[in-house]
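Student: Hey, can you walk me through this structure?
Tutor: Sure, ask away once you have it in front of you.
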Amino acid sequence: MSASIPCLSTISELRALLDEHRGRGACVGLVPTMGALHEGHVSLIRAARAENDVAVVSIFVNPPQFGPDEDLAKYPRDLERDRQLAEEAGADLIFHPSAAEMYRDGHSTWVDVEGLTAGLCGRSRPGHFRGVCTVVTKLFAICQPERAYFGEKDAQQLAVIKHMVRDLNLLVQIVPCPTVREADGLAMSSRNVRLAPEQRAQAPMVHRALEAARELVRKGERNAAVLAGAIRTVLAEAPLGEIDYVEIVDAGELTPVTTIAGECLIALAVRFGDVRLIDNLTVTS
Ligand code: AMP
């Protein structure tokens with residue numbers, strides 16, 4: 001079956017089409033993505049489909065959120081496949097702008113959320129969240145969605161965007177969606193296809209390490225350093241993975257905790273070659 005949903009590449013075309021829908025009283029749900037869609041994205045699109053009249057999927061590999069040594073050029077891209085997957089999941093249209101369409105000559109306005117972006121991925125990827133927040137704000141301004149869907153796999157991103165929406169009084173409801181995993185526990189990610197077979201074989205240890213920490217919490221362990229140590233011990237069984245960070249933070253403030261109390265986020269990033277994988281889970285005591 002050939003895909004038939006519209007794929008618009010200009011802001012003016014998208015606005016005109018969404019204005020038409022809104023004129024009929026339709027509400028819009030937006031799923032921002034960088035493409036190379038997988039079941040994680042599909043779950044967001046299905047949620048947008050279920051809760052809105054029009055489900056828009058944006059596909060844009062956003063240059064400003066990549067550092068100079070990161071994988072912008074190597075980021076997987078497959079628009080035809082994405083179009084089909086998005087349609088099957090219930091999307092009504094795709095917005096696929098060029099970088100020149102999103103960032104006109106002389107672009108000089110950036111959205112920078114302080115505090116929440118200081119640690120975790122923000123520490124190892126300076127400028128990353130500034131790029132994310134800027135493009136997400138632009139997508140909100142362009143699409144004016146009632147709801148926007150974000151995955152809990154990117155827990156810091158979700159927290160930062162919720163905070164930004166609150167600070168800037170944006171009229172959009174942020175809908176968190178659970179992490180979708182492969183059968184062996186590896187969190188789905190567009191970057192997983194870039195793992196070599198031997199790296200892919202070790203990658204599930206990332207989730208297993210988090211599960212080990214959760215099990216320790218269940219048994220009564222509350223000391224964050226002990227939990228982080230246990231995670232590192234499990235990750236040692238994935239010698240091709242180089243730990244970027246293992247952190248246990250307050251789930252709201254994202255500040256490090258020494259003791260598990262209330263809701264805490266256990267988050268980590270591990271590099272397999274130049275593929276950086278992130279994962280997390282929340283524990284409560
Ligand atoms: P990306 O294309 O990687 O920028 O992701 C687009 C959206 O999909 C973000 O809100 C991600 O958090 C979400 N997402 C990515 N992977 C998953 C996953 N495995 N489960 C749920 N959501 C995901």
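Tutor: Let's go through helices, salt bridges, hollow spaces and a few backbone angles.

Student: Anything I should know before we start?
Tutor: This is a predicted model, so local features need pLDDT of at least 70, side-chain atom pairs count only at pLDDT 80 or more, and totals for chains, interfaces and linings use all residues. Residues are numbered from 1 along each chain as its sequence is written, and side-chain values use heavy atoms, with hydrogens and water left out.

Student: OK, helices. How many residues does H2 have?
Tutor: H2 has 13 residues and reaches 18 Å from its first C-alpha to its last, close to the 18 Å expected at 1.5 Å a residue. That expected span is 1.5 Å times one less than the number of residues. Helices (H or I, at least four residues) and strands (E, at least two) are DSSP runs, numbered from the N terminus.

Student: Which residues of H2 are buried?
Tutor: Gly40, His41, Val42, Leu44, Ile45, Ala47 and Ala48. Buried means under 20% relative accessible area, exposed means over 50%, and partly exposed is in between (1.4 Å probe, protein chains only).

Student: And what covers them?
Tutor: The cover includes strand S2 (28-33), S3, H3, strand S5 (147-151) and strand S6 (173-177).

Student: H3 is in that list. Which of its residues are buried?
Tutor: In H3 (residues 79-89), they are Asp82, Leu85, Ala86, Glu87 and Ala89. Their cover includes helix H2 (39-51), strand S3 (54-59) and strand S4 (93-95). Contact here means heavy atoms within 4.5 Å.

Student: What follows H3?
Tutor: Gly90 does, and its phi is positive, near 110 degrees.

Student: Which residues have a positive phi without being a glycine?
Tutor: Asn169 is one of them, at about 55 degrees, and Leu254 has a positive phi of about 60 degrees. For background, most residues other than glycine have a negative phi.

Student: Where are those two, and are they buried or exposed?
Tutor: Asn169 is in the loop between H7 and S6, and it counts as exposed at 64% relative accessibility. Leu254 is in the loop between S7 and S8, but at 9% relative accessibility Leu254 counts as buried.

Student: Switching topic: how many salt bridges are there?
Tutor: A search of the whole structure finds 18. A salt bridge is a side-chain nitrogen of Lys or Arg within 4 Å of a carboxyl oxygen of Asp or Glu.

Student: Can you show me one inside a helix?
Tutor: Take Glu211 and Arg214, whose side chains meet at 3.1 Å, N to O. Both lie in helix H9 (residues 205-218), three residues apart, about one turn of the helix. Glu211 is partly exposed at 28%, and Arg214 is partly exposed at 34%.

Student: What about a pair from distant parts of the chain?
Tutor: Arg271 and Asp244 form a salt bridge at 3.4 Å, N to O. Arg271 sits in strand S8 (residues 263-272) and Asp244 in strand S7 (residues 241-250), 27 residues apart. Arg271 is partly exposed at 29% relative accessibility, and so is Asp244 at 24%.

Student: Which residues are linked in a network of salt bridges?
Tutor: Asp71, Lys74, Arg191, Arg194 and Asp274 are.

Student: Now the hollow bits. How many cavities of 30 Å³ or more are there?
Tutor: There is one, and the largest cavity has a volume of about 50 Å³. On a 1 Å grid over the protein atoms alone, a cavity is a set of points where a 1.4 Å probe fits but cannot get out, while a pocket is an open set with protein on both sides within 12 Å along at least five of seven lines. Lining residues have an atom within 4 Å of a point. Grid points are joined across faces, edges and corners, and a volume is the space filled by probe spheres set on the points.

Student: What lines that cavity?
Tutor: Its lining includes Lys153, Leu186, Val206 and Asp279. The largest share, four residues, comes from strand S9 (residues 275-284).

Student: And how much space lies in the second largest pocket?
Tutor: About 440 Å³. Of the 20 residues that line that pocket, the closest to its centre are Glu152, Ala155, Leu265, Asn280 and Thr282. H7 gives the most to the lining, with four residues.
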